[in-house]
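Let's take a friendly look at the charged side chains of this protein and where their pairings sit along the chain.

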Amino acid sequence: KGASGIDNLTLQYTMKLAPELYARLAGGYIESMYAGVGGEVLYRPFGERWALGLDIWGVRQRSFDRLFGVRNYQTITGNLTLYFKTPFHGYEGFVSAGRYLAKDYGGTLELDRVFDSGIRIGAWMTLTNVSAQRFGEGSFDKGIRFVLPIEWGLPFSSQTQYQLALRPIQRDGGQPLDNARTLYGTT
């Protein structure tokens with residue numbers, strides 16, 4: 001069981017509500033562990049180094065075989081996020097606050113350095129209202145990540161990337177929906 005399955009199967013609609021305001025509605029099997037419906041709104045002023053986004057999702061945990069079944073666990077998750085790009089050496093990141101998948105509340109800070117080659121190296125930390133005793137080692141989620149574009153090794157254009165995230169421990173607290181396609185990344 002679970003040797004093969006559906007990683008995600010989502011129907012989405014993206015629209016531009018105003019010159020600097022974008023929206024996205026989506027539903028389906030959003031990630032390998034959750035199915036649901038929701039959306040996001042992004043205010044991204046032209047030529048600015050910042051953007052503001054809000055997302056909200058109603059989700060249910062998927063069956064362990066990653067097919068079409070769902071389990072009894074369900075929740076509402078969402079975040080208010082400030083995205084920023086600094087004028088210093090390609091540093092960019094975001095700060096977000098909201099509700100995570102374990103029904104905990106908190107915030108995340110992520111900071112990346114993006115090189116001209118497309119390589120991205122960054123770190124994140126998430127603090128929530130989950131107690132240190134319940135969360136375990138370190139009492140909060142943190143880690144580093146590397147994103148390497150694959151295009152340099154291919155004879156054709158590709159947006160494929162290899163991603164590696166390293167974290168000392170992963171618990172339920174502070175886990176966001178793994179929603180790879182965000183409006184900020186799209187715009």
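## Salt bridges in the predicted model

In this predicted model, arginine 66 and aspartate 7 join their side chains in a salt bridge, at 3.4 Å from N to O. The two come from distant parts of the chain: aspartate 7 sits in the segment before β1 (9–18), while arginine 66 belongs to the loop between β4 (50–62) and β5 (70–85), 59 residues apart. Arginine 66 is partly exposed, at 25% relative accessible area, and aspartate 7 is partly exposed too, at 42%.

That pair is part of a wider set, as a search of the whole structure turns up seven salt bridges. Here are three of them, with their N to O distances.

| Salt bridge | N to O distance |
|---|---|
| Arginine 66 – aspartate 7 | 3.4 Å |
| Glutamate 92 – arginine 120 | 3.1 Å |
| Arginine 145 – aspartate 112 | 2.6 Å |

Glutamate 92 and arginine 120 meet through their side chains. Because glutamate 92 is in strand β6 (residues 91–99) and arginine 120 in strand β8 (residues 120–128), this pair ties together parts that are 28 residues apart in sequence. Glutamate 92 has a relative accessible area of 15%, so it counts as buried; arginine 120, at 22%, is partly exposed.

Arginine 145 pairs with aspartate 112, linking strand β9 (residues 141–149) to strand β7 (residues 105–114) across 33 residues. Are these partners buried or exposed? Both arginine 145 and aspartate 112 are buried.

How do the strand residues connect? Glu92, Arg120, Asp112 and Arg145, together with Glu110, are linked in a network of salt bridges.

Notes
Residues numbered from 1 in each chain as written. Predicted model: local features only at pLDDT ≥ 70, side-chain atom pairs only at ≥ 80, totals over all residues. Heavy atoms only, no water. Salt bridge = Lys/Arg side-chain N within 4 Å of Asp/Glu carboxyl O. Helix = DSSP H or I, 4+ residues; strand = E, 2+ residues; numbered from the N terminus. Buried < 20%, exposed > 50% of the residue type's maximum accessible area, 1.4 Å probe, protein only.
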